[in-house]
Amino acid sequence: MDNRKMSEDIIRLVGGEQNINDLVHCATRLRFSLKDNKKAERETLEKHPGVITVVESGGQFQVVVGSNVANVYAEIVKGTSFLSSTSTDTQNSGQKTSAVSKVFEVISGSFSPLIPVMAGSGMLKALLTVLTLLGWMSDSGDAYKILSAAGNAVFYFLPIFLGITLGIKLKANPYVAGAIGAALMEPNFTAMLEGDGGHSFLGIPVVMVSYASSVFPIFIAISIYALLDKLLKKIIHKDLQIFMVPMLSLMIMVPLSVIAFGPFGTSVGDWIASGVTWLIGVSGILSGVVLGGGMTFMVVFGLHWGFTPITLQNIANGGDPIEAMASAAVFAQIGVAFGIFLRAKKDRNLRSIAASSGITGLLAGVSEPIVYGLILRYKRVIPIVIIAGALGGAINGHFGVLYTAYVFHNIFSIPVEQPMSIFIVSMVVSMGTGLLLTWLFGYESKGKIEASTPVAAPEQIQPDKPAAPLVDLKKELIFSPLTGAAFPLSTVPDDAFSTGAMGRGLAIDPVIGEAVAPVDGTVTSIFPTGHAIGITSTAGTEVLIHIGINTVGLKGKHFTPVVKEGDRVSQGDLLIRFDLEQIRAAGYQTITPVIVTLTTKEVEIFETDQQQIEQNEVLLTLVD
């Protein structure tokens, strides 16, 4: 399909030219600001042979088309008369965002950076539980206490961590926000909790509350601080802002937090948690059916973030029934993945995806590859995952299973679910039902593609370019362009990358603001914003380096490319300089997907197992 025909199809399927307020593009996707998202034919778009996936996020309707996005965008501009922004981000959107959506977006953006450390800490607590149950470690020993401190720290000091991430999300100084949370944990303040007498601030009574592991008080306090920060910057001379704004913010916000926001937020959290617990107590089975059967789709729409503060509040009070019931959805998804693996005997690619995503879910509790790569692609498994999740959720709801530590749901997290024996029964029921029903009734393609590979074929993505010569690719090494911590793509907070829709690879959170060439080859695309670059190796492999998440919104600020399209580069040559501190200060995450988007032949891709990687170390190995 040529780019012109594809551009015409996309415009028609998003509701026509009259439904478009604005259009920009980034490294992989067309970002539409639509007057009415409901007028877009999303399902038909997802079936289009040139479209990889569709994502609705941040008020934008995003059509992911891959590395050919610039060509498709150019054809859209040629063939339409609406005024398309020349910038690379949409600032003014006619698409209204509801207050509830905005709240979920803030909650999501605040908790997302903390999920890895919370999950890791929760798994450490689960491991300690197993070790003490087996008698291999005493809970009174020094080793247990040290490891317990490591597992408890992020939860105990949650107001500090949430203060920082909320500050980033709300575009206020994150370290002042963190200091407000830290003040609630400071020893002089916590010592006041032990006193019997009343306390006051300048004659105003202070209700003493413990803020360890709390969520709602810091959400309220930092939301108010974000407004105060903007106000102070308007009225204080810029030469004095560097110390006056933080000083006044702390002087105002900390007393207000302990006098008003803290006690009120704590009460709100307790009321909500008690209300949810009461509702579950009225009908544990019904609650379990709804949460276990529906959580898969709540995650897709981002609604699950609304439960996170309640879950953490419940855990602090002894245990959470919500996540215990919702966990059944994860095991139902895993069962479906293994069922597809058994059923798809002749489709090697699909079996590979089903097996790898199922094992990842079972061992790590990361189920996004199953949801986006399998369940949302095949219609027939959707009712299966609902039924399987509902059965397991009903069991946990009826018998009052509680989730006692924040972990990803997997076989290693079983000890944090109490009573453990009931939870194991529900887990086996959900996973077994999902596997059995999928194996018996099969799956069906949505019609977009029969093959399981999520990346479109080369002739679909770049038909207007001559095909690269086929190279006998026995083995090719992709070297790391960055120095930093390496993560699976599934942890990237962007569906197009985390689901593998754009290709396979790893993500790196850099500690040095320089990206170097991962291969010998040619710079085939570099975006005007400088935040993403594509290189085609001499073996015909296309590698995309996308610095940060949604950093297209910076419009090129803090990025300095040192190469241009068409340049020949050698592995290790400098490509882009970028200012990590400024990017993060602007509220953007710097985690950087490095993915193989196309190869000239079908290959197996093996990722490094290093958690920390240096520039020029082997990141990916491609084997024919």
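**A quick tour of a predicted model**

Let me start with one residue. L544 has a relative accessibility of 6%, so L544 counts as buried, the cut-off being under 20%. L544 sits in strand β15. Its C-alpha atom lies 9.0 Å from that of S525, and the two residues are 19 positions apart along the chain. Keep in mind that this is a predicted model.

Stay with β15 for a moment. After β15, which covers 542–546, comes a loop that runs to β16, at 559–561. H558 is in that loop. The phi of H558 is near 75°. That is a positive value in a residue other than glycine. Is H558 buried, exposed or partly exposed? H558 has 28% relative accessibility, so H558 is classed as partly exposed.

Now the whole chain. How many helices and strands does the protein chain have? There are 21 helices and 22 strands. The chain has 624 residues, and 50% of them are buried. Take the contacts with a separation of 6 or more: 74% of them are between residues 24 or more positions apart. The accessible surface is about 27,500 Å². Carbon and sulfur atoms hold 61% of that surface.

Next, helix α7, residues 158–169. Twelve residues at 1.5 Å a residue should span 16 Å, and the end C-alpha atoms are 16 Å apart, so the two values agree. Which residues of α7 are buried? They are L158, P159, L162, G163, T165, L166 and G167. One general point helps here. An α-helix has 3.6 residues a turn, so residues three or four places apart point the same way. In α7, the buried residues include L158 and L162.

Move just past the end of α7. There we meet K171, with a positive phi of about 60°. K171 is a residue other than glycine. The loop that holds K171 runs between α7 and α8, and α8 covers 174–183. Buried or exposed? K171 has 60% relative accessibility, so K171 counts as exposed.

On to a helix pair. Two packed helices are described by the angle between their axes and the distance between the axes. Here the pair is α13, residues 308–316, and α14, residues 321–343. They pack at an angle of about 120°, and their axes are 8 Å apart. That angle is why α13 is called oblique to α14. Which residues meet? From α13 come I310, T311 and N314. From α14 come P321, I322 and E323. By class, this contact has three nonpolar, two polar and one charged residues.

Helix α17 is next, residues 381–399, and N396 is in it. N396 is at 1% relative accessibility, so N396 counts as buried. What does N396 touch, leaving out residues up to four places away in sequence? The list is A324, M325, S327, V401, I422, F423 and S426. There is also a long step in sequence to mention. N396 and G292 are 104 residues apart in sequence, yet their C-alpha atoms are 9.2 Å apart in space.

Last stop: a peptide bond. Where is the cis bond I want to show? It joins Q418 and P419, with omega about -5°. P419 is in the loop between β8, at 417–418, and α18, at 420–441.

Conventions
Residues are numbered from 1 along each chain as its sequence is written. This is a predicted model: local features need pLDDT of at least 70, side-chain atom pairs count only at pLDDT 80 or more; totals for chains, interfaces and linings use all residues. Side-chain values use heavy atoms; hydrogens and water are left out. Helices (H or I, at least four residues) and strands (E, at least two) are DSSP runs, numbered from the N terminus. Buried means under 20% relative accessible area, exposed over 50%, partly exposed in between (1.4 Å probe, protein chains only). Contact means heavy atoms within 4.5 Å. Accessible areas come from the Shrake-Rupley method with a 1.4 Å probe; for residues, only the protein chains shown count as cover. The expected span of a helix is 1.5 Å times one less than its number of residues. Axes are lines fitted to C-alpha atoms, for helices over the stretch in contact, and angles run from 0 to 180 degrees between N-to-C directions. Angles under 35 degrees count as roughly parallel, over 145 as roughly antiparallel, 65 to 115 as roughly perpendicular and the rest as oblique. Ala, Val, Leu, Ile, Met, Phe, Trp, Tyr, Cys and Pro count as nonpolar, Asp, Glu, Lys and Arg as charged, and the others, Gly among them, as polar.
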